[in-house]
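This report describes selected features of one protein chain, beginning with paired strands and ending with an enclosed space. Please keep the sequence and the structure in view while reading.

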Amino acid sequence: MSSTILRATVYRITGVRPTMEGMFDATTSGRLAGPGVDFHAFEIAGAPAILYYSQRSTTEPEWCPRLSQLTGLPLALLRQEAEAVLVIAADGHVYALGFGQGHLSISGIKERGFGLRCALRTVDPGQVQDVVRRAIGGFSRQDSTMAPGGIPIGVVGVRGYTELVKRLGGLIKASDLGLNHRESISVEGGDGLRLPIPLEQAKFLALLRRLNEIRDRQVRPEFESLEAIQPVGDEVLSQRLDALLDEGLRESGDIRVQLVIPADLGERRHGCRSYLIKVGSVPIVREELDLADLRGRCKVQYSRTPVAALREGRIDMCSDSEGTQSIGHTSAIRWIEATVPIGPRIYQLSDGEWYECGTVYLDSIKRRMRELVVEQPELAMLPWHPDETEEDYNKRMQRHFGPAMYVCLDRYLVRTPQHSRGRGMEACDGITDRHTLVHVKAAASSEPLGHQFNQALISTQALYEEPEARAKFSAKVSRLSGGRLTVPEDFRPEKVILAILLKDKELTPDSLYPFAQVALVYLADTLMRQYGVTVEVAAIPVESAHDTEAA
(Lines give C-alpha, C1' and ligand atoms only; values in the text may rest on other atoms or scores of the structure.)
Protein backbone atom coordinates (compact mmCIF):
# COMPACT_ATOMS: atom_id res chain seq x y z
CA MET A 1 0.00 0.00 0.00
CA SER A 2 1.39 3.41 -0.98
CA SER A 3 2.21 5.88 1.78
CA THR A 4 -0.03 8.89 2.38
CA ILE A 5 2.72 11.06 3.88
CA LEU A 6 6.17 12.34 2.90
CA ARG A 7 8.75 13.46 5.43
CA ALA A 8 10.12 16.84 4.40
CA THR A 9 11.43 20.16 5.76
CA VAL A 10 9.15 23.17 5.44
CA TYR A 11 10.73 26.63 5.30
CA ARG A 12 8.94 29.96 5.43
CA ILE A 13 10.22 32.49 2.90
CA THR A 14 10.65 36.17 3.74
CA GLY A 15 10.19 39.23 1.54
CA VAL A 16 8.21 37.46 -1.19
CA ARG A 17 4.75 38.44 -2.40
CA PRO A 18 2.33 35.48 -2.03
CA THR A 19 1.37 35.53 -5.71
CA MET A 20 2.49 33.50 -8.68
CA GLU A 21 4.36 36.51 -10.10
CA GLY A 22 5.92 37.43 -6.77
CA MET A 23 7.14 33.91 -6.09
CA PHE A 24 8.50 33.54 -9.62
CA ASP A 25 10.41 36.84 -9.47
CA ALA A 26 11.93 36.01 -6.08
CA THR A 27 12.95 32.43 -6.72
CA THR A 28 13.98 32.31 -10.39
CA SER A 29 17.58 33.29 -9.71
CA GLY A 30 20.86 31.77 -8.65
CA ARG A 31 20.82 27.99 -8.57
CA LEU A 32 17.19 27.84 -9.75
CA ALA A 33 18.12 29.83 -12.86
CA GLY A 34 20.94 27.49 -13.79
CA PRO A 35 21.11 25.22 -16.83
CA GLY A 36 18.91 22.14 -16.82
CA VAL A 37 16.39 23.52 -14.32
CA ASP A 38 12.75 23.15 -15.40
CA PHE A 39 9.75 24.60 -13.66
CA HIS A 40 6.01 24.19 -13.63
CA ALA A 41 3.53 26.81 -12.35
CA PHE A 42 0.30 25.30 -11.08
CA GLU A 43 -2.10 25.30 -8.12
CA ILE A 44 -2.36 23.11 -5.03
CA ALA A 45 -5.92 23.10 -3.73
CA GLY A 46 -6.38 26.55 -5.25
CA ALA A 47 -3.13 28.02 -3.88
CA PRO A 48 -0.46 29.28 -6.34
CA ALA A 49 2.61 27.06 -6.48
CA ILE A 50 5.80 26.60 -8.51
CA LEU A 51 7.82 23.41 -8.76
CA TYR A 52 11.47 23.68 -9.85
CA TYR A 53 13.26 20.45 -10.67
CA SER A 54 16.47 19.31 -12.31
CA GLN A 55 18.47 16.19 -13.10
CA ARG A 56 22.14 16.91 -12.52
CA SER A 57 24.79 15.57 -14.85
CA THR A 58 26.78 12.52 -13.85
CA THR A 59 29.95 13.13 -11.86
CA GLU A 60 32.73 10.98 -10.50
CA PRO A 61 32.65 10.69 -6.69
CA GLU A 62 35.47 12.68 -5.13
CA TRP A 63 36.77 9.61 -3.32
CA CYS A 64 36.85 7.36 -6.39
CA PRO A 65 40.31 8.21 -7.84
CA ARG A 66 41.88 8.16 -4.37
CA LEU A 67 40.38 4.76 -3.66
CA SER A 68 41.78 3.54 -6.98
CA GLN A 69 45.18 4.87 -5.98
CA LEU A 70 44.98 3.14 -2.60
CA THR A 71 43.82 -0.24 -3.92
CA GLY A 72 45.56 -0.25 -7.29
CA LEU A 73 42.25 -1.18 -8.91
CA PRO A 74 40.76 0.82 -11.80
CA LEU A 75 37.36 2.22 -10.84
CA ALA A 76 34.95 4.03 -13.15
CA LEU A 77 32.10 4.92 -10.82
CA LEU A 78 29.60 7.70 -11.48
CA ARG A 79 26.76 9.27 -9.56
CA GLN A 80 23.81 11.39 -10.62
CA GLU A 81 21.69 13.54 -8.37
CA ALA A 82 18.29 15.13 -8.74
CA GLU A 83 16.75 17.98 -6.80
CA ALA A 84 13.52 19.91 -6.58
CA VAL A 85 12.05 22.94 -4.83
CA LEU A 86 8.33 23.39 -4.23
CA VAL A 87 7.23 26.99 -3.54
CA ILE A 88 3.65 27.65 -2.43
CA ALA A 89 1.61 30.53 -0.98
CA ALA A 90 -0.72 29.98 1.98
CA ASP A 91 -2.77 32.71 3.65
CA GLY A 92 -0.43 35.60 2.91
CA HIS A 93 2.83 33.72 3.48
CA VAL A 94 5.17 31.82 1.18
CA TYR A 95 6.60 28.40 2.00
CA ALA A 96 9.26 26.31 0.30
CA LEU A 97 10.23 22.64 0.50
CA GLY A 98 13.56 21.40 -0.80
CA PHE A 99 14.20 17.87 -1.99
CA GLY A 100 17.67 16.46 -2.61
CA GLN A 101 19.97 19.50 -2.67
CA GLY A 102 17.00 21.79 -3.33
CA HIS A 103 17.40 23.44 0.07
CA LEU A 104 20.56 25.15 -1.24
CA SER A 105 18.43 27.26 -3.59
CA ILE A 106 16.45 28.92 -0.79
CA SER A 107 19.06 29.34 1.95
CA GLY A 108 19.31 33.10 1.39
CA ILE A 109 15.59 33.90 1.63
CA LYS A 110 14.29 31.58 4.34
CA GLU A 111 13.01 32.92 7.66
CA ARG A 112 15.65 32.20 10.28
CA GLY A 113 14.41 30.16 13.22
CA PHE A 114 10.92 29.54 11.82
CA GLY A 115 11.01 25.80 12.50
CA LEU A 116 12.39 26.26 16.02
CA ARG A 117 9.65 28.75 16.82
CA CYS A 118 7.01 26.23 15.72
CA ALA A 119 8.66 23.40 17.66
CA LEU A 120 8.75 25.41 20.89
CA ARG A 121 4.99 25.88 20.57
CA THR A 122 4.01 22.30 19.77
CA VAL A 123 6.54 19.78 21.12
CA ASP A 124 5.57 17.97 24.32
CA PRO A 125 8.06 19.28 26.96
CA GLY A 126 8.21 15.77 28.40
CA GLN A 127 9.03 14.14 25.04
CA VAL A 128 12.05 16.07 23.75
CA GLN A 129 14.19 14.00 21.38
CA ASP A 130 16.84 16.36 20.06
CA VAL A 131 18.36 19.67 21.22
CA VAL A 132 21.26 21.61 19.71
CA ARG A 133 22.45 24.66 21.61
CA ARG A 134 25.37 27.06 21.53
CA ALA A 135 27.12 28.58 24.53
CA ILE A 136 26.98 32.33 25.11
CA GLY A 137 29.53 34.25 27.14
CA GLY A 138 32.38 31.74 27.17
CA PHE A 139 34.40 29.60 24.81
CA SER A 140 32.74 28.72 21.54
CA ARG A 141 30.94 25.43 22.01
CA GLN A 142 27.99 23.68 20.43
CA ASP A 143 26.34 20.80 22.27
CA SER A 144 23.88 18.27 20.94
CA THR A 145 21.62 16.00 22.99
CA MET A 146 19.76 13.12 21.35
CA ALA A 147 17.14 10.96 23.08
CA PRO A 148 15.07 9.04 20.50
CA GLY A 149 12.71 7.79 23.21
CA GLY A 150 11.95 11.31 24.42
CA ILE A 151 12.96 12.92 27.74
CA PRO A 152 11.78 15.97 29.72
CA ILE A 153 13.38 19.25 28.70
CA GLY A 154 14.65 19.66 32.26
CA VAL A 155 16.75 16.52 31.91
CA VAL A 156 18.44 17.99 28.84
CA GLY A 157 19.85 20.67 31.12
CA VAL A 158 19.72 23.71 28.86
CA ARG A 159 20.95 26.77 30.73
CA GLY A 160 18.55 29.39 29.45
CA TYR A 161 20.77 32.32 30.42
CA THR A 162 24.02 31.03 28.89
CA GLU A 163 22.92 28.91 25.92
CA LEU A 164 21.14 29.65 22.67
CA VAL A 165 18.96 26.81 21.44
CA LYS A 166 19.34 26.43 17.69
CA ARG A 167 17.34 23.27 17.07
CA LEU A 168 14.75 21.30 19.00
CA GLY A 169 12.94 18.11 18.11
CA GLY A 170 10.38 15.97 19.85
CA LEU A 171 6.94 14.43 19.81
CA ILE A 172 3.76 16.41 19.20
CA LYS A 173 0.12 15.47 18.88
CA ALA A 174 -0.60 14.75 15.22
CA SER A 175 -3.97 16.45 15.63
CA ASP A 176 -2.18 19.73 16.41
CA LEU A 177 -1.15 19.78 12.74
CA GLY A 178 -4.47 18.51 11.48
CA LEU A 179 -3.03 15.04 10.84
CA ASN A 180 -4.73 11.80 11.81
CA HIS A 181 -2.50 9.00 10.50
CA ARG A 182 -1.20 8.36 14.04
CA GLU A 183 -1.58 9.75 17.56
CA SER A 184 1.81 11.49 17.80
CA ILE A 185 4.54 12.41 15.35
CA SER A 186 8.15 13.50 15.57
CA VAL A 187 9.14 16.98 14.38
CA GLU A 188 12.43 18.85 14.35
CA GLY A 189 12.67 22.61 14.21
CA GLY A 190 15.60 24.84 13.25
CA ASP A 191 15.39 27.25 10.36
CA GLY A 192 12.90 24.83 8.83
CA LEU A 193 10.43 22.43 10.39
CA ARG A 194 11.00 18.79 9.50
CA LEU A 195 7.80 16.76 9.75
CA PRO A 196 5.57 14.33 7.82
CA ILE A 197 3.43 16.17 5.28
CA PRO A 198 0.20 14.71 3.84
CA LEU A 199 0.21 13.92 0.12
CA GLU A 200 -3.43 14.90 -0.31
CA GLN A 201 -3.32 18.47 -1.63
CA ALA A 202 -6.14 19.91 0.48
CA LYS A 203 -4.62 18.46 3.69
CA PHE A 204 -1.17 19.73 2.72
CA LEU A 205 -2.46 23.28 2.28
CA ALA A 206 -4.36 22.99 5.57
CA LEU A 207 -1.11 21.98 7.25
CA LEU A 208 0.67 25.11 6.00
CA ARG A 209 -2.20 27.26 7.23
CA ARG A 210 -1.94 25.55 10.61
CA LEU A 211 1.78 26.43 10.73
CA ASN A 212 0.84 30.09 10.24
CA GLU A 213 -1.29 29.89 13.37
CA ILE A 214 1.24 27.85 15.37
CA ARG A 215 4.10 30.28 14.68
CA ASP A 216 2.17 33.15 16.28
CA ARG A 217 1.16 31.25 19.42
CA GLN A 218 2.57 31.93 22.86
CA VAL A 219 5.56 29.73 23.61
CA ARG A 220 4.90 26.78 25.92
CA PRO A 221 5.72 27.78 29.53
CA GLU A 222 8.30 24.98 29.87
CA PHE A 223 10.19 26.43 26.90
CA GLU A 224 9.99 30.13 27.82
CA SER A 225 13.58 30.26 29.00
CA LEU A 226 14.78 28.93 25.64
CA GLU A 227 13.58 32.13 24.00
CA ALA A 228 14.77 34.44 26.79
CA ILE A 229 18.01 35.52 25.13
CA GLN A 230 17.18 37.90 22.32
CA PRO A 231 19.49 39.78 19.91
CA VAL A 232 20.55 43.35 20.70
CA GLY A 233 17.73 45.60 19.47
CA ASP A 234 19.58 48.93 19.56
CA GLU A 235 20.77 49.68 16.02
CA VAL A 236 23.32 52.26 17.21
CA LEU A 237 24.82 49.73 19.64
CA SER A 238 24.88 47.04 16.92
CA GLN A 239 26.79 49.40 14.62
CA ARG A 240 29.27 50.17 17.39
CA LEU A 241 29.81 46.46 18.00
CA ASP A 242 30.30 45.89 14.26
CA ALA A 243 32.93 48.65 14.24
CA LEU A 244 34.80 47.02 17.15
CA LEU A 245 34.65 43.68 15.36
CA ASP A 246 36.06 45.36 12.26
CA GLU A 247 39.13 46.24 14.33
CA GLY A 248 39.37 42.69 15.62
CA LEU A 249 39.20 41.21 12.14
CA ARG A 250 41.99 43.55 11.09
CA GLU A 251 43.87 42.32 14.22
CA SER A 252 44.09 45.87 15.57
CA GLY A 253 41.62 45.43 18.44
CA ASP A 254 41.52 43.28 21.58
CA ILE A 255 38.66 41.10 20.32
CA ARG A 256 38.38 37.33 20.66
CA VAL A 257 37.28 35.81 17.35
CA GLN A 258 36.67 32.07 16.90
CA LEU A 259 35.62 29.84 14.02
CA VAL A 260 32.37 27.91 14.36
CA ILE A 261 30.15 25.73 12.18
CA PRO A 262 26.60 27.11 11.78
CA ALA A 263 24.14 24.92 13.65
CA ASP A 264 22.11 24.05 10.56
CA LEU A 265 25.24 22.80 8.76
CA GLY A 266 26.79 20.85 11.62
CA GLU A 267 25.53 17.45 10.47
CA ARG A 268 27.13 17.91 7.04
CA ARG A 269 30.66 18.42 8.27
CA HIS A 270 31.53 14.71 7.92
CA GLY A 271 30.77 14.85 4.19
CA CYS A 272 32.78 18.05 3.69
CA ARG A 273 36.05 17.77 1.77
CA SER A 274 36.69 21.47 1.15
CA TYR A 275 35.38 24.97 1.81
CA LEU A 276 34.64 27.51 -0.89
CA ILE A 277 35.13 30.98 0.61
CA LYS A 278 33.45 33.82 -1.29
CA VAL A 279 34.30 37.04 0.54
CA GLY A 280 34.84 39.76 -2.01
CA SER A 281 35.35 39.17 -5.72
CA VAL A 282 37.99 36.42 -5.51
CA PRO A 283 36.79 32.98 -4.27
CA ILE A 284 39.30 30.67 -2.58
CA VAL A 285 39.12 26.94 -1.81
CA ARG A 286 40.59 25.40 1.33
CA GLU A 287 40.62 21.81 2.61
CA GLU A 288 40.35 23.17 6.17
CA LEU A 289 38.70 26.39 7.25
CA ASP A 290 41.15 28.75 8.91
CA LEU A 291 40.45 32.05 10.61
CA ALA A 292 43.55 33.49 8.94
CA ASP A 293 41.94 32.95 5.52
CA LEU A 294 38.83 34.89 6.55
CA ARG A 295 40.91 37.68 8.04
CA GLY A 296 43.02 37.76 4.90
CA ARG A 297 39.95 38.23 2.71
CA CYS A 298 38.62 40.93 5.06
CA LYS A 299 41.86 42.92 4.93
CA VAL A 300 41.76 43.31 1.14
CA GLN A 301 38.20 44.65 1.00
CA TYR A 302 38.72 48.34 0.38
CA SER A 303 35.19 49.32 -0.67
CA ARG A 304 33.47 47.85 2.40
CA THR A 305 34.21 47.06 6.03
CA PRO A 306 35.30 43.56 7.10
CA VAL A 307 31.97 42.89 8.83
CA ALA A 308 30.01 44.08 5.79
CA ALA A 309 32.15 41.84 3.58
CA LEU A 310 31.40 38.83 5.78
CA ARG A 311 27.68 39.58 5.87
CA GLU A 312 27.57 39.85 2.08
CA GLY A 313 29.92 36.93 1.46
CA ARG A 314 29.30 33.23 1.98
CA ILE A 315 31.09 29.98 2.68
CA ASP A 316 30.14 26.68 1.03
CA MET A 317 30.81 23.22 2.41
CA CYS A 318 31.72 21.04 -0.57
CA SER A 319 31.83 17.28 -1.01
CA ASP A 320 34.84 17.46 -3.36
CA SER A 321 38.34 18.82 -2.82
CA GLU A 322 38.00 21.33 -5.69
CA GLY A 323 35.10 23.22 -4.11
CA THR A 324 32.63 22.59 -6.94
CA GLN A 325 30.04 20.34 -5.24
CA SER A 326 28.29 22.39 -2.58
CA ILE A 327 26.42 20.47 0.12
CA GLY A 328 25.52 23.52 2.20
CA HIS A 329 26.25 27.21 2.44
CA THR A 330 25.39 30.29 4.42
CA SER A 331 26.59 33.84 5.08
CA ALA A 332 30.27 34.04 6.02
CA ILE A 333 29.47 36.04 9.17
CA ARG A 334 27.75 32.97 10.62
CA TRP A 335 31.05 31.05 10.57
CA ILE A 336 32.62 33.18 13.30
CA GLU A 337 31.83 34.07 16.89
CA ALA A 338 33.32 37.10 18.59
CA THR A 339 33.31 38.45 22.14
CA VAL A 340 33.42 42.23 22.55
CA PRO A 341 33.59 44.14 25.88
CA ILE A 342 32.17 47.63 26.29
CA GLY A 343 32.92 48.76 29.83
CA PRO A 344 31.55 46.12 32.23
CA ARG A 345 29.20 44.65 29.62
CA ILE A 346 30.11 41.69 27.41
CA TYR A 347 28.58 41.11 23.97
CA GLN A 348 28.86 38.06 21.74
CA LEU A 349 28.32 37.67 18.02
CA SER A 350 26.57 34.38 17.27
CA ASP A 351 24.98 33.35 13.97
CA GLY A 352 25.54 36.88 12.67
CA GLU A 353 23.65 38.59 15.52
CA TRP A 354 24.83 40.38 18.65
CA TYR A 355 23.75 39.28 22.13
CA GLU A 356 24.51 40.77 25.52
CA CYS A 357 25.82 38.10 27.87
CA GLY A 358 24.06 37.69 31.21
CA THR A 359 21.03 39.89 30.51
CA VAL A 360 18.53 37.20 31.49
CA TYR A 361 20.56 35.71 34.34
CA LEU A 362 18.55 37.36 37.14
CA ASP A 363 15.25 36.64 35.41
CA SER A 364 16.30 33.02 35.01
CA ILE A 365 17.06 32.66 38.73
CA LYS A 366 13.74 34.26 39.72
CA ARG A 367 11.78 32.07 37.30
CA ARG A 368 13.39 28.89 38.63
CA MET A 369 12.76 29.98 42.22
CA ARG A 370 9.06 30.35 41.44
CA GLU A 371 9.08 26.82 40.06
CA LEU A 372 10.98 25.30 42.99
CA VAL A 373 9.20 26.90 45.97
CA VAL A 374 5.74 25.34 45.83
CA GLU A 375 2.65 26.40 47.73
CA GLN A 376 1.32 22.85 48.14
CA PRO A 377 4.26 20.44 48.54
CA GLU A 378 3.91 16.70 48.44
CA LEU A 379 4.34 16.58 52.21
CA ALA A 380 2.65 19.11 54.51
CA MET A 381 5.46 20.06 56.89
CA LEU A 382 4.54 20.43 60.56
CA PRO A 383 5.08 23.78 62.31
CA TRP A 384 8.47 24.07 63.99
CA HIS A 385 8.28 24.31 67.79
CA PRO A 386 10.28 27.04 69.56
CA ASP A 387 13.73 25.80 70.68
CA GLU A 388 13.17 22.50 68.84
CA THR A 389 16.24 20.78 67.39
CA GLU A 390 16.36 19.39 63.88
CA GLU A 391 16.53 15.84 65.26
CA ASP A 392 13.52 16.44 67.51
CA TYR A 393 11.56 17.88 64.58
CA ASN A 394 12.22 14.88 62.35
CA LYS A 395 11.29 12.42 65.07
CA ARG A 396 8.06 14.33 65.66
CA MET A 397 7.33 14.15 61.92
CA GLN A 398 7.57 10.35 62.14
CA ARG A 399 5.35 10.19 65.22
CA HIS A 400 2.76 12.44 63.57
CA PHE A 401 2.55 10.69 60.18
CA GLY A 402 3.48 7.20 61.37
CA PRO A 403 6.41 5.08 60.17
CA ALA A 404 4.38 3.77 57.23
CA MET A 405 4.25 7.32 55.78
CA TYR A 406 7.42 9.01 57.08
CA VAL A 407 10.59 7.56 58.52
CA CYS A 408 13.09 9.74 60.38
CA LEU A 409 16.64 9.11 59.13
CA ASP A 410 18.26 12.13 60.76
CA ARG A 411 21.70 11.23 62.17
CA TYR A 412 21.47 7.68 60.80
CA LEU A 413 24.56 7.42 58.62
CA VAL A 414 25.53 5.08 55.77
CA ARG A 415 29.14 4.04 55.15
CA THR A 416 30.21 3.35 51.56
CA PRO A 417 33.58 2.95 49.82
CA GLN A 418 33.41 6.64 48.84
CA HIS A 419 32.09 7.81 52.21
CA SER A 420 34.21 5.64 54.50
CA ARG A 421 35.69 8.25 56.80
CA GLY A 422 34.11 8.73 60.17
CA ARG A 423 30.62 7.28 60.42
CA GLY A 424 29.70 7.82 56.75
CA MET A 425 27.12 10.05 55.07
CA GLU A 426 23.60 11.05 55.98
CA ALA A 427 21.35 10.04 53.08
CA CYS A 428 18.46 12.29 54.18
CA ASP A 429 16.52 13.49 57.21
CA GLY A 430 13.43 11.54 56.26
CA ILE A 431 11.76 9.49 53.54
CA THR A 432 8.07 9.46 52.61
CA ASP A 433 5.86 6.58 51.57
CA ARG A 434 6.27 7.84 47.98
CA HIS A 435 10.01 7.24 48.33
CA THR A 436 10.79 10.95 48.29
CA LEU A 437 13.92 12.02 50.16
CA VAL A 438 13.37 14.89 52.61
CA HIS A 439 16.19 17.18 53.79
CA VAL A 440 15.27 19.49 56.67
CA LYS A 441 17.04 22.69 57.71
CA ALA A 442 16.36 25.72 59.92
CA ALA A 443 18.48 28.67 58.88
CA ALA A 444 19.09 32.34 59.57
CA SER A 445 21.68 32.69 56.79
CA SER A 446 22.88 31.03 53.59
CA GLU A 447 25.56 28.88 55.27
CA PRO A 448 23.31 26.17 56.80
CA LEU A 449 21.36 25.97 53.54
CA GLY A 450 24.59 25.38 51.65
CA HIS A 451 25.17 22.35 53.89
CA GLN A 452 21.62 21.13 53.18
CA PHE A 453 22.05 21.51 49.42
CA ASN A 454 25.39 19.67 49.48
CA GLN A 455 23.82 16.86 51.48
CA ALA A 456 21.05 16.51 48.89
CA LEU A 457 23.56 16.43 46.04
CA ILE A 458 26.00 14.00 47.66
CA SER A 459 23.34 11.56 48.88
CA THR A 460 21.59 11.50 45.50
CA GLN A 461 24.89 10.86 43.75
CA ALA A 462 25.71 8.05 46.18
CA LEU A 463 22.33 6.36 45.74
CA TYR A 464 22.69 6.53 41.95
CA GLU A 465 26.37 5.61 41.67
CA GLU A 466 27.13 3.24 44.58
CA PRO A 467 25.39 -0.17 44.83
CA GLU A 468 26.53 -0.52 48.46
CA ALA A 469 24.84 2.79 49.33
CA ARG A 470 21.55 1.57 47.87
CA ALA A 471 21.67 -1.76 49.67
CA LYS A 472 22.51 -0.24 53.08
CA PHE A 473 19.94 2.53 52.67
CA SER A 474 17.22 -0.01 51.85
CA ALA A 475 18.08 -2.09 54.94
CA LYS A 476 18.16 0.98 57.21
CA VAL A 477 14.73 2.24 56.07
CA SER A 478 13.20 -1.18 56.64
CA ARG A 479 14.77 -1.53 60.11
CA LEU A 480 13.85 1.97 61.33
CA SER A 481 10.25 1.66 60.11
CA GLY A 482 9.79 -1.79 61.60
CA GLY A 483 9.14 -3.07 58.09
CA ARG A 484 6.17 -0.75 57.55
CA LEU A 485 7.96 1.35 54.89
CA THR A 486 10.38 -0.35 52.54
CA VAL A 487 12.41 0.61 49.49
CA PRO A 488 13.95 -1.88 47.04
CA GLU A 489 17.65 -2.65 47.12
CA ASP A 490 18.05 -1.00 43.72
CA PHE A 491 16.34 2.18 44.96
CA ARG A 492 17.27 5.42 43.24
CA PRO A 493 15.36 8.56 44.19
CA GLU A 494 13.15 10.41 41.72
CA LYS A 495 12.31 13.37 43.93
CA VAL A 496 13.94 15.39 46.70
CA ILE A 497 12.14 17.78 49.09
CA LEU A 498 14.15 20.55 50.70
CA ALA A 499 12.15 21.54 53.77
CA ILE A 500 13.34 24.94 55.00
CA LEU A 501 12.54 27.11 58.00
CA LEU A 502 13.81 30.67 57.71
CA LYS A 503 14.19 31.86 61.30
CA ASP A 504 13.88 35.57 60.50
CA LYS A 505 11.21 35.63 57.77
CA GLU A 506 8.68 33.65 55.79
CA LEU A 507 10.06 31.52 52.96
CA THR A 508 8.94 32.70 49.52
CA PRO A 509 10.59 32.56 46.07
CA ASP A 510 11.93 36.08 46.69
CA SER A 511 12.81 35.93 50.38
CA LEU A 512 15.45 33.20 50.26
CA TYR A 513 18.95 34.61 50.74
CA PRO A 514 20.51 35.62 47.38
CA PHE A 515 23.51 33.30 47.65
CA ALA A 516 21.20 30.42 48.56
CA GLN A 517 18.97 31.16 45.57
CA VAL A 518 21.88 30.71 43.15
CA ALA A 519 23.08 27.53 44.92
CA LEU A 520 19.54 26.10 45.00
CA VAL A 521 18.94 26.64 41.29
CA TYR A 522 22.32 25.08 40.49
CA LEU A 523 21.49 22.04 42.66
CA ALA A 524 18.04 21.57 41.12
CA ASP A 525 19.35 21.91 37.56
CA THR A 526 22.24 19.53 38.26
CA LEU A 527 20.06 16.79 39.77
CA MET A 528 17.52 17.06 36.95
CA ARG A 529 20.16 17.10 34.21
CA GLN A 530 22.27 14.24 35.59
CA TYR A 531 19.66 11.95 37.13
CA GLY A 532 16.20 13.25 36.21
CA VAL A 533 15.54 13.96 39.90
CA THR A 534 12.94 16.62 40.70
CA VAL A 535 13.64 19.12 43.49
CA GLU A 536 10.82 20.71 45.48
CA VAL A 537 11.20 23.34 48.20
CA ALA A 538 8.69 23.23 51.06
CA ALA A 539 8.38 25.99 53.63
CA ILE A 540 8.30 24.90 57.28
CA PRO A 541 5.87 27.14 59.16
CA VAL A 542 6.71 28.62 62.55
CA GLU A 543 4.47 27.47 65.37
CA SER A 544 1.98 30.21 66.20
CA ALA A 545 0.61 31.07 69.64
CA HIS A 546 -2.67 29.39 68.63
CA ASP A 547 -0.79 26.20 67.73
CA THR A 548 0.98 26.27 71.09
CA GLU A 549 -2.27 26.72 73.03
CA ALA A 550 -3.92 23.90 71.04
CA ALA A 551 -0.98 21.64 71.78
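Two strands are said to pair if DSSP finds at least two bridges between them. The model discussed here is predicted.

**A hairpin of two strands**

An instance of such pairing is found in strand 2 (residues 37-44) and strand 3, which run antiparallel and are joined by 8 bridges. Within this pair, A41 of strand 2 has I50 in strand 3 as its bridge partner. The two strands form a hairpin with 2 residues between them. In the turn, A45 has a positive phi of about 50 degrees.

**An open sheet of four strands**

Which order do the strands of the open sheet follow? The sheet is formed by 4 strands in the order 11-16-17-18, and their pairing is antiparallel. Strand 11 (256-259) and strand 18 (353-356) stand at the edges; each has a single partner strand, so one side of each is left without a neighbour in the sheet. On average, neighbouring strands of this sheet are turned by 20 degrees against each other, with direction ignored.

Strand 16 (residues 336-342) and strand 17 (residues 345-350) pair over 5 bridges in the antiparallel sense. Strand 17 is also joined to strand 18 by 4 bridges, and these two strands run antiparallel as well. In a regular strand, the side chains alternate between the two faces of the sheet.

The table lists individual residues and their partners across these strands.

| Residue | Partner | Strand of the partner |
|---|---|---|
| V340 | Y347 | strand 17 |
| A338 | L349 | strand 17 |
| Q348 | Y355 | strand 18 |

Both connections form hairpins. Between strand 16 and strand 17 there are 2 residues, and G343 takes a positive phi near 60 degrees in this hairpin. The hairpin of strand 17 and strand 18 also has 2 residues between its strands, and here D351 takes a positive phi near 55 degrees.

**Helices against the sheet**

Helix 6 (residues 235-249) packs on the sheet and touches strand 11, strand 16, strand 17 and strand 18. The direction of helix 6 makes about 110 degrees with that of strand 16. Helix 7 (residues 291-299) lies across strand 11 and strand 16, and runs at about 115 degrees to strand 11.

**An aromatic pair**

The count of aromatic pairs comes to 7. In one of them, the rings of Y275 and W335 have their centres 6.0 Å apart and their planes at 85 degrees, so the pair is edge-to-face; planes over 60 degrees apart count as such. This pair links distant parts of the chain, as its residues are 60 residues apart. Y275 belongs to strand 12 (residues 274-278), whereas W335 is in the loop between strand 15 (326-331) and strand 16.

**An enclosed cavity**

How many cavities of 30 Å³ or more are counted? The count comes to 1, and the largest cavity holds about 40 Å³ of space. Strand 3 (47-55) and strand 4 (82-90) are the elements that give two or more residues to its lining. Among the lining residues are R31, V37, Y52, Y53, E83, A84 and G102. By character, the lining divides into 6 nonpolar, 3 polar and 3 charged residues.

Methods: Residues numbered from 1 in each chain as written. Predicted model: local features only at pLDDT ≥ 70, side-chain atom pairs only at ≥ 80, totals over all residues. Heavy atoms only, no water. 1 Å grid on protein atoms, 1.4 Å probe; cavity = no way out; pocket = protein on both sides within 12 Å on 5 of 7 lines; lining within 4 Å. Points joined across faces, edges and corners; volume = space filled by probe spheres on them. Nonpolar A, V, L, I, M, F, W, Y, C, P; charged D, E, K, R; others polar. Axes fitted to C-alpha atoms, helices over the stretch in contact; angles between N-to-C directions. Contact = heavy atoms within 4.5 Å. Phe/Tyr/Trp six-rings, centres within 6.5 Å; stacked < 30°, edge-to-face > 60°.
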